[in-house]
Structure formats: structure tokens, C-alpha cells
Amino acid sequence: MSNWLLIIYCGLITFLTRFSMIALLKKEMFNDRIREILSFVPSAIFPAIIFPAIFLDNSGDFQLENNPKIMAAIIAMLIGIISQNIIATIISGLASYWFLIFVI
Amino acid sequence: MNNKFRVFLKGIFDVSPLMIPVVPFGLIFGVLSIDIGFSPIETMGMSLIVFGGASQIVLLQLFSGGASSLVIISSVGAVNSRHLLYGAVVSEHLSDLKLVWKIVISYFLVDQAFARSNEYFKKNKDKDKYFHLFGGGITCWVIWQTTTFLGIVLGAFIPEKLGLSFAVPLTFLALLVNDFRKLINVIVIIISGLVATFGFNYVPYKAYVIVAGVTALLTAAILTKLNKKNE
């Protein structure tokens with residue numbers, strides 16, 4: 001599939017998830033239980049991107065020793081929990097990563 | 001002042017503080033997309049056509065990992081399933097709109113605009129209130145396109161050894177900061193992460209994002225049910 005076709009399909013599915021509910025559904029079709037479960041979607045999906053990017057190397061092998069990403073991610077997570085701030089989390093993670101690879 | 005315009009400005013005003021974290025997100029997206037090998041036009045096209053930060057970064061991540069188109073598209077769908085919730089929540093406020101407005105509003109229904117307009121809709125009942133979501137959505141749109149463009153320009157000057165691809169897990173980590181304080185969320189996060197990491201090489205077609213997401217969501221369903229029984 002060409003890159004453009006891929007981009008268009010990804011755009012379509014993104015639009016359709018937003019549009020389908022506005023166009024087709026009434027609020028009553030979602031009970032509290034389904035809403036409660038959907039509220040867990042970020043917690044259920046984002047770690048599937050986060051963990052492999054930290055613990056695996058480019059070829060998909062485990063990289064647990066000499067891996068500055070693990071320490072940097074832990075620092076970012078702690079700063080995130082304390083500050084509840086998105087920018088502070090990203091910057092502290094990148095800063096500690098650069099510190100670990102360039103300074104130490 | 002025209003009431004529609006007033007509500008539109010209110011939408012811009014309300015969503016603006018939420019734009020601060022979008023700036024690094026957009027820059028990182030632009031830089032990484034060029035780094036992975038998409039052309040500047042394709043990168044700009046992604047921000048214009050998809051217009052969704054998490055969707056676009058998942059697209060990049062899986063594309064660079066060699067996933068098939070079908071898996072990329074369905075993973076983007078999985079990431080977007082949270083929008084089903086937004087749509088269902090705001091639909092009652094938008095049910096009287098013409099189809100063309102429903103289409104326009106759907107394109108602009110991003111996380112930040114949803115969060116602010118949903119609060120506004122609960123308090124205001126006037127018929128022009130959808131202009132609030134329109135104003136907020138356009139604000140997000142302008143910031144997202146601008147920062148994507150700046151990322152594309154900056155990408156040419158950023159050396160690869162800075163390891164900026166590490167910004168991807170960091171931005172997603174940052175989006176979860178509110179969830180680390182809730183026990184059920186923490187368990188769901190760990191399950192999803194472990195399934196994805198151990199399934200990375202074994203789940204066929206690089207569909208590990210979907211497998212991990214479904215497993216973790218089922219866990220959430222079970223845990224919330226158990227939690228209620230104990231109350």
C-alpha cells in the first residue's frame with residue numbers, strides 16, 4: 001500500500017470513530033458500565049507503545065543491561081506522578097536520558 | 001457581538017491553556033516522521049488528514065517497525081476507540097445539527113476540545129453552543145499544523161544520536177500521568193505493557209498493540225466488576 005493510501009485510511013478510521021457516535025448514537029445507547037470500561041482505553045493501549053520502546057532494542061531483543069531508557073523512563077514517571085504535568089514529564093525524561101548517554 | 005462569534009471565542013479561550021503540552025507533541029511528531037523517512041508533504045498530509053496526535057505517532061511507530069498496513073490501520077482504530085466515548089457523550093448536545101456541521105465537528109473532536117466543550121455544554125443550553133467546540137477544535141488544529149511544520153523544519157537540523165525516538169514512549173507516558181495514582185489503572189498499564197513487550201516477537205503481523213489493548217481492557221472490566229462487589 002502506498003504511503004498516501006495508508007495515511008488516508010488512518011485518517012478515515014480516525015474520522016469515523018469520531019463521527020459514528022455523533023451521527024448515529026444517542027447517549028442512552030452507552031450505559032455507565034460501557035462508559036466506565038472505555039475510560040480505561042488510554043491505560044490499556046498506550047503502554048503497548050511505551051513498554052516495547054523502552055525495553056526492546058531495534059531488532060526486538062530484550063535490552064535490560066546498559067539501557068539508559070529504563071532509568072530515564074522511571075525518572076519521568078516519578079516526576080509525572082508528583083507534578084501531574086505533561087511537559088515536565090517529557091522534559092525530565094529527555095533531560096535524564098541525555099544526561100545518562102552524554103555525561104555519565 | 002454576534003452570539004455565535006462570542007461562543008466561538010469562548011471556545012478558543014477555554015482550550016488555549018491545554019495547548020501547551022500539544023506543542024512538544026507536534027514538534028516530536030514532525031521531527032520523527034522525517035527521521036523515519038516520510039516526505040515533508042506526507043508528514044503535513046498526516047496532520048491534515050488524520051489530525052490526531054496519538055493516531056499519528058502510533059502510525060509512525062508501527063510503520064518504522066515494519067508492520068503491515070492492515071495492522072497499522074486497525075491499531076490506529078484501537079487507539080481511537082476512546083473517541084467513541086467522546087462522541088457518545090457530546091452527541092446529545094449536537095443531535096439537532098445539520099449533517100454538514102456534524103461532519104465538521106467530528107473532524108475537530110480531539111481530546112482537548114472535547115474536554116473543555118463537554119464542561120461548557122453541561123452548563124450552557126443556548127442553540128449556538130456547538131460553536132464552542134468549533135472554536136476549541138480550530139485552535140487545536142492551528143497549533144497542531146504549525147508545530148508539525150516546525151518539526152519538519154527542525155528535523156533537518158537534529159542529529160540522530162540525540163535519540164529523539166525515545167520521545168515517543170515519553171509522550172505517551174506523559175499522557176498517563178493522571179492514571180498512575182489509581183490502582184486499577186496501574187494494574188491495567190502493567191498488563192498491557194507486559195503483553196506488548198513479550199508478544200512483540202510472537203504476535204503475528206505486529207498486532208501486539210491490539211492484543212495487549214484487548215487483554216488490558218478485559219482486565220479492566222474484570223477488576224472494576226470485582227471492585228464493585230467488594231463495596
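This passage describes how chains A and B are divided into domains and how they pack against each other in a predicted model.

It helps to start with the individual chains. The domain assignment splits chain A into domain 1, residues 1-39, and domain 2, residues 41-104. The C-alpha centres of these two domains of chain A are 29 Å apart. For chain B, the assignment gives domain 1 as residues 3-164 and domain 2 as residues 176-231, with 25 Å between the C-alpha centres of the two. The contact between the domains of chain B draws 10 residues from domain 1 and 6 residues from domain 2. On the domain 1 side of this contact, α4 (53-64) and α5 (69-94) of chain B each contribute at least two residues, and α5(B) provides the largest share, 4 residues. That side of domain 1 of chain B is made up of 5 nonpolar and 5 polar residues, with no charged ones.

We can now turn to the contact between the chains. Chain A gives 62 residues to it and chain B gives 75 residues. On the chain A side, the elements with two or more residues in the contact are α1 (3-24), α2 (32-38), α3, α4 (68-83) and α5 (86-103). Among these, α1(A) supplies the largest share, 18 residues. Sorted by class, the side of chain A that touches chain B holds 44 nonpolar, 12 polar and 6 charged residues.

One helix pair shows this contact in detail. Helix α3 of chain A (residues 41-55) packs against helix α11 of chain B (residues 208-230) at an angle of about 145°, and their axes lie 8 Å apart. The crossing of α3(A) and α11(B) is right-handed. From α3(A), the residues A:Val41, A:Ala44, A:Ile45, A:Ala48 and A:Ile49 take part, and they meet B:Tyr208, B:Val209, B:Ala212, B:Gly213, B:Ala216, B:Leu217 and B:Ala220 of α11(B). This helix contact comprises 11 nonpolar residues and 1 polar residue, and no charged residues.

Two residues of this pair deserve a closer look. A:Ala44, in helix α3 of chain A, counts as buried because 28 C-beta neighbours lie inside 10 Å. Beyond its neighbours within four places in sequence, A:Ala44 is in contact with B:Val188, B:Ser192, B:Gly213, B:Ala216, B:Leu217 and B:Ala220. On the chain B side, and with the same kind of sequence neighbours left aside, B:Val209 is in contact with A:Ile45, A:Ala48 and A:Ile49, as well as with B:Val58, B:Ser75, B:Ala78 and B:Ala196.

B:Val209 also appears in the largest nonpolar core, which has 100 residues. The residues with the most contacts inside this core are A:Cys10, A:Ile49, B:Val58, B:Leu173 and B:Val209. The largest share of the core, 11 residues, comes from α3(A). In soluble globular proteins, nonpolar side chains tend to be buried together.

Finally, there is helix α3 of chain B (residues 40-49), where B:Thr43, B:Met46, B:Ser47 and B:Ile49 are buried. The buried residues of α3(B) pack against α1 of chain A, and also against α2 (22-36), α4 and α8 (130-155) of chain B. After α3(B) comes B:Phe51, which has a positive phi near 45°.

Definitions and conventions: Residues are numbered from 1 along each chain as its sequence is written. Chains are lettered from A and ligands numbered from 1 in the order in which they are written. This is a predicted model: local features need pLDDT of at least 70, side-chain atom pairs count only at pLDDT 80 or more; totals for chains, interfaces and linings use all residues. Domain bounds come from an automatic or database domain assignment. Two residues are in contact if their C-beta atoms, placed from the backbone, lie within 7 Å. Ala, Val, Leu, Ile, Met, Phe, Trp, Tyr, Cys and Pro count as nonpolar, Asp, Glu, Lys and Arg as charged, and the others, Gly among them, as polar. Axes are lines fitted to C-alpha atoms, for helices over the stretch in contact, and angles run from 0 to 180 degrees between N-to-C directions. A crossing is left-handed if the near helix is turned anticlockwise from the far one by less than a right angle, and right-handed if clockwise. A residue is buried if 20 or more other C-beta atoms lie within 10 Å of its own, exposed if 12 or fewer, and partly exposed in between; C-beta atoms are placed from the backbone. A nonpolar core is a set of buried Ala, Val, Leu, Ile, Met, Phe, Trp, Tyr and Cys residues joined through C-beta atoms within 7 Å.
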